[in-house]
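Dear colleague,

I am passing on the structure we spoke about, and I would be glad if you could look through it before reading my notes below.

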Amino acid sequence: MKVFSSTHTFNYSWEEVSTGNWRKYCPWNDKSTHVIAVDTLAREVDPATGILRTERLITCKQSAPEWLKSLIGCTETSQVFETSYVDPAAKTVTMVSQNITWANLVNVQETVVYKPLDAHRTQFEQDARITALCGGWQRIKNSIEDSLVNRFRENAVKGKEGFECVLAMSRRVFAEEREKERLRSEGKMLA
């Protein structure tokens, strides 16, 4: 098993990050063009805790290394099952994902947590555990796991850059909408 871990500080409030998280794969993010569909399978709020639990299926264009594709064959897409928990009381967003595609060959479990550092900054923590499931072939297992860790490292940089774009656009759009609402309210008061 190999582990990839990453942290990053977003200069946005937890409220902005937790709201922007739902738009992470929208057209504002030109770094996530590999994501071709995000389907919400279930969503519920626990009445006792207020925690929002969401299950999503994320479909991506296949990005496995060519040597691995040729070795085991593959389709053009891969799927990931994600469960997220938004805890408004503790101000945390926790997302846990598991690969569905090639689950018999490799197990990828990722956990992402967003939590506030202060009123204007949010901490991002990412942890991925990657295990190749190819029996006693340690050399092949190591190659697969190393390739996937490197891919996670590359994608983590792109993911953070893309999410920064989403957060910046969200902040701008929300500011524009607040201004429109203020002008409408002033117009009603003058009428």
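What follows is a short account of what was found, going from the overall fold to the pocket and then to a few single residues.

Please keep in mind throughout that this is a predicted model. The protein is made up of three helices and seven strands, and, read from the N terminus, these elements come in the order β-α-β-β-α-β-β-β-β-α. Its C-alpha trace spans about 75 × 35 × 30 Å along the principal axes. Of the 191 residues, 35% count as buried, while the surface that the protein exposes comes to about 11,100 Å², with carbon and sulfur atoms supplying 56% of that area. Among contacts with a separation of 6 or more, 57% are between residues 24 or more positions apart in the sequence.

The largest pocket holds about 1,200 Å³ of space, and 44 residues line it, with His34, Cys60, Glu110, Phe152 and Asn155 lying nearest its centre. The elements that give two or more residues to this lining are the strands β3 (52-61), β4 (77-87), β5 (92-99), β6 (106-118) and β7 (121-132), together with the helix α3 (138-190). Of these, α3 gives the most, with 10 residues. Sorted by class, the lining has 20 nonpolar, 15 polar and nine charged residues.

Cys60, one of the residues nearest the centre of that pocket, counts as buried because its relative accessibility is 11%, which is under the 20% cut-off. Cys60 is also among the residues touched by Ser78, whose other partners, leaving aside residues up to four places away in sequence, are Ile58, Thr59, Gln62 and Thr101. Ser78 itself lies in strand β4, and at 13% relative accessibility Ser78 likewise counts as buried.

As you may want to know about the cysteines, how many disulfides does a search of the whole structure find? The search finds zero. For Cys165 the reason can be given in terms of distance: the closest cysteine sulfur, in Cys26, is 9.9 Å from the sulfur of Cys165, and therefore too far for a bond, given that a disulfide needs the two sulfur atoms to be within 2.5 Å. Cys165 is partly exposed, because its relative accessible area of 35% falls between the limits of 20% for buried and 50% for exposed.

With best wishes

Key:
Residues are numbered from 1 along each chain as its sequence is written. This is a predicted model: local features need pLDDT of at least 70, side-chain atom pairs count only at pLDDT 80 or more; totals for chains, interfaces and linings use all residues. Side-chain values use heavy atoms; hydrogens and water are left out. On a 1 Å grid over the protein atoms alone, a cavity is a set of points where a 1.4 Å probe fits but cannot get out, and a pocket is an open set with protein on both sides within 12 Å along at least five of seven lines; lining residues have an atom within 4 Å of a point. Grid points are joined across faces, edges and corners, and a volume is the space filled by probe spheres set on the points. Helices (H or I, at least four residues) and strands (E, at least two) are DSSP runs, numbered from the N terminus. Ala, Val, Leu, Ile, Met, Phe, Trp, Tyr, Cys and Pro count as nonpolar, Asp, Glu, Lys and Arg as charged, and the others, Gly among them, as polar. Buried means under 20% relative accessible area, exposed over 50%, partly exposed in between (1.4 Å probe, protein chains only). Contact means heavy atoms within 4.5 Å. Accessible areas come from the Shrake-Rupley method with a 1.4 Å probe; for residues, only the protein chains shown count as cover.
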